[in-house]
Amino acid sequence: METGRIKGRGPDGREYVVRIFTQGTEDEDRWIECLTCGYRKRAEFGARAKAEEHLSGHCDGPLQHERNPTAVVGIMIVAGLFVLVGIMMIWMFNQRP
Ligand SMILES: [Zn+2]
């Protein structure tokens with residue numbers, strides 16, 4: 001699943017895109033792929049930093065980060081569940097005599 005993209009513009013005005021994605025069911029199995037030159041690398045840790053590092057070879061301007069909306073919704077659901085569990089714990093604790 002694609003989790004995000006980082007875009008940048010080269011000196012020639014060309015747009016360069018590196019996408020960050022996960023393979024299989026393991027969420028930790030992260031990869032980066034440059035859609036412009038076809039560069040692919042496994043990036044278990046610091047996928048963003050690796051993508052930025054690769055883009056800096058193409059681009060000289062500021063980099064633009066994009067998140068996959070589906071991934072954001074997933075993160076928000078997980079965060080919401082944590083908050084809900086927290087509220088329930090506090091509520092249960094307060095119910096004790
Ligand atoms: Zn590239």
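A residue is called buried here if 20 or more other C-beta atoms lie within 10 Å of its own, exposed if 12 or fewer do, and partly exposed in between, with the C-beta atoms placed from the backbone. By that yardstick, 13% of the 97 residues of the chain count as buried. The model is a predicted one: local features need pLDDT of at least 70, side-chain atom pairs count only at pLDDT 80 or more, and totals for chains, interfaces and linings use all residues. Residues are numbered from 1 along each chain as its sequence is written.

On to the layout. Helices (H or I, at least four residues) and strands (E, at least two) are DSSP runs, numbered from the N terminus. The chain has five strands and two helices, and these run β-β-β-β-α-β-α from the N terminus on. The radius of gyration (taken over C-alpha atoms) is set against a globule rule of 2.2 Å times the number of residues to the power 0.38. For 97 residues that rule gives 13 Å, and the chain comes out at 19 Å, well over it, so the chain is more spread out than a compact globule. Along its principal axes, the C-alpha trace spans about 70 × 25 × 20 Å.

Helix 2 comes next. Its 27 residues (69-95) should span 39 Å at 1.5 Å a residue, and the end C-alpha atoms are indeed 39 Å apart; the expected span is 1.5 Å times one less than the number of residues. The number of buried residues in helix 2 is zero, so this helix lies largely in the open.

Then there is the core. A nonpolar core means a set of buried Ala, Val, Leu, Ile, Met, Phe, Trp, Tyr and Cys residues joined through C-beta atoms within 7 Å. The largest one holds eight residues: I6, V18, I20, I32, A47, A51, L55 and C59. Strand 2 (15-22) and helix 1 (47-58) are the elements that give two or more residues to this core, and helix 1 supplies the largest share, three residues.

Contacts (C-beta atoms, placed from the backbone, within 7 Å) fill in the rest. Not counting residues up to four places away in sequence, I32 touches V18, I20, K41, A43, A47, K50, A51 and H54. E15, in strand 2, has 13 C-beta neighbours inside 10 Å and so counts as partly exposed. Leaving aside neighbours within four places in sequence, E15 is in contact with K7 and R9. The C-alpha atoms of E15 and C59 are 8.5 Å apart, with these positions 44 residues apart along the chain.

Methods:
Two residues are in contact if their C-beta atoms, placed from the backbone, lie within 7 Å.
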